[in-house]
Structure formats: C-alpha cells, structure tokens
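Biologist: I'm new to this one. Could you walk me through how you reach your conclusions?

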Amino acid sequence: MEISHDSYNQKKFALPVDSEHKATEFRLFSAAAPHMRAFHLSWISFFACFVSTFAAPPLLPIIRDNLDLTATDIGNAGIAAVSGAVFARIAMGTACDLFGPRLASATLTLLTAPAVYCTSIADSPISFLLVRFFTGFSLATFVSTQFWMSSLFSGRVVGTANGVAGGWGNLGGGATQLIMPLVFDLIQNIGATKFTAWRIAFFIPALFQTLSAYGIFFLGQDLPDGNYSELHKSGEKHKDNFGQVFHHAVTNYRGWILALTYGYCFGVELTIDNIIAQYFYDRFNVNLHTAGIIAASFGLANLFSRPGGGMLSDFMAKRFGMRGRLWTLWVVQTLGGVFCIILGQVGSLGVSVAVMLVFSVFVQAACGLTFGVVPFVSRRSLGIISGMTGGGGNVGAVLTQVIFFRGSRYSTETGLTLMGVMMICCTLLITLIYFPQWGGMFCGPSSKGKATEEDYYMSEWSSSEREKGFHRASLKFSENSRSERGRKIGSAATPIDGTPNTYV
C-alpha cells in the first residue's frame with residue numbers, strides 16, 4: 001500500500017498546506033476556515049476561561065472584607081483555583097486524542113461556566129474556595145488549544161501558532177486585572193453597594209465564557225479534513241485505542257521532563273496572577289485600581305512575550321533544529337528565574353514594576369518555547385503529552401503557593417526569591433531531553449541504526465497496526481518533521497530511497 005504524496009493538493013485551502021493538510025504559513029489577520037478560524041476561536045475561548053478563573057484576585061480587598069477571609073483562606077482559594085486543572089488537563093488531553101479538540105473544549109468551557117455565575121452568591125470562605133476550585137477546571141482548555149494548533153499547523157510554524165494562541169489566551173490573566181475593577185466601579189457608580197457590586201461583576205466573565213463555548217462548538221473544526229466524528233464514520237481516521245495512547249504517553253520520559261519544567265514557567269505565571277495585585281496593594285500601599293493596573297501589566301505582556309517565545313523556537317529550529325529549540329528554552333527560562341530572584345530583593349515601587357515587566361517577558365516566553373518542543377515528543381499521544389505538560393504547570397503553581405505563599409511562614413518577597421531559585425534548578429532537567437534522530441543540548445543525533453524520524457514515530461505502532469494502515473498520519477508527520485534537523489547541524493540521514501518500505 002503506497003501513500004500518495006500529491007493527494008493533498010486535491011483539496012483547496014486558503015493557506016498553503018503540507019501532506020497532512022496542516023498549514024505551512026501562519027497568517028495572524030486571517031479568519032480562513034479551518035486553520036485560522038480555529039486559531040481565533042481557541043484563543044478567545046481560552047482567554048475567556050482565564051478571565052473567569054482570575055476574576056477574583058483584583059477584587060480580593062473587597063471580597064475578603066465581605067466574606068471575612070483570612071490570609072490562609074485567600075491562599076487556599078488561590079491554590080484551589082489552579083489545582084482543579086491538574087487532572088482536568090490530563091483528562092482534556094485524553095479527550096482531545098479520542099474525541100477531538102472542538103467537542104472537548106466546548107464541553108468543558110460550558111460545564112464550568114455555572115461555577116463563575118455561582119461566585120456571585122458565595123457567602124463564606126468555603127463556598128468561595130469551591131467556586132474558585134470548579135472555575136479553575138476551565139484552564140484545562142489550554143490543552144485543547146495547544147492540541148488544536150498542533151493538529152492544524154505544520155512543524156515549521158507550530159511554535160508560532162501555539163505561542164500566539166496560548167499567549168493571547170493567557171492575556172486574560174492580565175486583562176481581568178483591568179476588567180473586573182472597572183466593571184466593579186461602574187456597577188458601584190450606578191448605585192450598588194461595594195459588597196453587592198463585586199457579586200454582580202462576576203456575571204460579565206460568566207456570560208463571556210458561555211458565549212465562547214457555543215462559538216467553539218458551532219464554528220470550529222477539529223482537523224483540516226473535518227471533525228473527528230465525521231472522519232471516524234467515513235473511515236478516514238481510525239478510532240484509537242486509549243490503552244495504547246496512554247501507554248506511549250506515560251512511557252515517554254521527555255513528556256515528564258517538560259511537565260516538570262513547565263511547572264516552573266507557567267506554574268510561576270499562575271502564581272503571580274494570584275498574588276501580584278495584593279502584593280503591590282499591601283507592600284507599597286497603592287490603591288486597588290493602581291494595584292490592578294500593575295498586576296495587569298504582567299499578564300498583558302502575553303500579547304507579545306509568549307508568542308515571541310513560540311516564534312523564537314521556530315526561528316532557532318530553522319537554523320539549528322530541535323537542539324536549537326532546547327537550548328533556547330533552557331537559556332530563557334533560566335533568565336526568568338534570575339529576574340524572579342531580583343524581584344523578591346528590590347524594595348522600591350518603580351524598580352519592582354520594572355523588574356516584574358522584564359521577568360514577565362522571560363517567564364512567558366519560556367512557556368511559548370516549551371510548546372515549540374511538545375508537538376514533536378509524540379505523534380500518536382500528542383493530546384496526553386500536551387495534557388501532562390499543561391497539568392505540570394498547574395502542579396507547579398499549587399506546590400509553589402503551598403510552600404511559599406500560603407499563610408505567614410514566608411513574606412511574599414522571600415517567597416518570590418525562593419520561587420526563582422526553584423525555577424533555575426528545575427530548568428536544568430532540559431539538558432536530559434534527547435531525540436535519537438535530532439540529538440539533545442550536548443549530544444548530536446545517534447550514529448546507530450533506528451535514528452530517523454520514521455523510526456522514532458513508527459515505534460508507537462505495532463506491526464499489526466501498521467498492516468491495517470493506522471500509522472499513516474504518523475508517517476506523514478515524520479516526513480514533515482525532518483525540518484527539525486536544522487541547517488547548521490547534522491542529523492540522522494534520510495534513507496536513500498526515502499521512506500523505508502517497512503512503514504508504507
């Protein structure tokens with residue numbers, strides 16, 4: 001059975017595509033279906049979920065007075081907001097692998113919206129913690145966003161697509177620092193008391209999240225050639241075995257390393273989103289609105305920093321291949337740790353804001369760089385690998401807040417310093433990632449056999465599965481991923497006759 005390499009030209013797309021019908025160009029200001037339409041739907045939905053999850057922190061000075069929250073109550077609620085998504089992200093990855101990102105994303109976004117509405121009726125520390133916990137599940141839509149982009153964009157631009165979609169979605173963490181105080185002030189000026197105004201304000205993010213879920217469901221498309229359900233029925237895509245998908249994900253050590261290192265870039269970002277407004281409000285005695293603006297500037301850096309990380313990953317890959325992606329990730333995330341340490345040491349308002357802005361660029365760029373690597377770890381188990389990595393971000397946020405920012409064991413500035421040290425230490429594990437066909441940070445590709453892209457990705461399929469043709473998407477992906485060899489360094493040689501016949 002032969003794979004036709006020109007069959008993909010039979011279907012017309014607005015963007016140029018490769019043999020998997022993945023777009024080889026990223027046109028930001030296009031809304032062409034299916035590629036760019038899915039891009040805009042995914043980042044807007046993720047943005048809405050981020051706004052909902054972090055709508056409470058900018059209003060905490062009001063909420064804590066209304067609900068009599070202690071420092072421990074606030075810390076626990078912050079931890080709850082990011083802990084719910086730990087397992088939800090892994091589950092989301094599985095759902096994407098089996099049912100597609102469109103249905104998985106729309107379902108979770110819609111199911112978590114009621115928790116946002118219910119925030120308005122919270123009347124105790126426990127109820128406040130619970131609504132933040134269930135709202136936080138929506139952050140798992142990050143996994144569907146990254147999976148969706150990796151399914152629609154070629155390896156040459158996948159870092160850019162993942163970076164911009166994730167970065168613009170994360171903008172919600174900064175935008176909500178501006179939106180919620182403004183909505184609160186508007187409602188209060190209309191005549192509501194401050195303890196009523198903050199409750200009414202939560203209807204805005206709840207409605208936004210609900211509408212985004214319907215947009216995903218009715219306007220999105222899973223893959224360039226259609227939705228999972230349609231492709232399963234037509235036989236163009238086989239329904240994969242969960243056990244095999246899960247096995248190949250959890251036995252790939254690269255996924256575990258990226259999960260841990262992502263815990264100390266995205267996990268740090270989530271931690272900052274939870275603590276930074278209150279930190280500036282309490283330490284430098286600024287008013288609520290000013291604290292919100294300062295905190296917003298951290299999250300709003302995602303407009304360019306995380307996308308910049310994805311673009312930098314693709315640029316380095318063109319010149320140096322996968323090894324370029326890994327080196328850049330290590331350098332940028334390590335520098336993020338350095339600036340986090342500095343942020344905990346400086347004592348003036350102006351310098352603190354300046355250092356925070358530089359820190360935000362590096363830590364968010366590291367997130368984009370991470371998901372420049374993730375799509376190449378596994379083709380068959382991409383969803384679970386993405387979920388493991390995304391879940392690692394939430395685990396890092398939970399651990400960091402439990403250790404450094406819960407209760408009064410450490411001051412916030414000391415917690416920031418120690419968090420920076422942990423960033424630097426955890427990032428060292430990137431040096432252990434090695435792809436036999438491309439190499440790692442310190443070693444080139446394997447000189448032994450079984451070191452081509454086809455060998456790496458075909459190892460996820462048994463001989464019986466290959467005989468049935470289930471491996472064909474992975475075969476096309478392996479051919480397209482040869483771009484990860486780069487131009488400046490050597491890599492595994494391509495077989496003289498192209499793709500080995502045993503895989504065709």
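Modeller: Sure. One cut-off to start with: a residue is called buried when its relative accessible area is under 20%. And keep in mind that this is a predicted model.

Biologist: Then why is C49 called buried?

Modeller: Its relative accessibility is 0%. The cut-off is under 20%, so C49 counts as buried. In the protein chain, 60% of the 504 residues count as buried.

Biologist: How do you know that C49 is not bonded to C96?

Modeller: A disulfide needs two cysteine sulfur atoms within 2.5 Å. The sulfur of C96 is the closest cysteine sulfur to that of C49, but it sits 13 Å away, so that is too far for a bond.

Biologist: And what about C425 and C426?

Modeller: For C425, the closest cysteine sulfur is in C426, at 6.8 Å. Against the limit of 2.5 Å, that is too far for a bond. By this rule the count is 0 disulfides.

Biologist: What secondary structure does the protein chain have?

Modeller: There are 21 helices and 2 strands.

Biologist: What makes you call the chain as compact as a globular protein of that length?

Modeller: The globule rule gives 23 Å for 504 residues, and the radius of gyration is close to that, at 23 Å, so the chain is as compact as a globular protein of that length. Along the principal axes, its C-alpha atoms fill a box of roughly 75 × 45 × 40 Å.

Biologist: How many charged side chains are there, positive and negative?

Modeller: The protein chain has 36 positive and 30 negative ones, and the centres of the two sets are 3 Å apart.

Key
Residues numbered from 1 in each chain as written. Predicted model: local features only at pLDDT ≥ 70, side-chain atom pairs only at ≥ 80, totals over all residues. Heavy atoms only, no water. Helix = DSSP H or I, 4+ residues; strand = E, 2+ residues; numbered from the N terminus. Rg over C-alpha atoms; globule rule 2.2 N^0.38 Å. Buried < 20%, exposed > 50% of the residue type's maximum accessible area, 1.4 Å probe, protein only. Lys, Arg positive; Asp, Glu negative; His and termini not counted. Charge placed at Lys NZ, Arg CZ, Asp CG, Glu CD.
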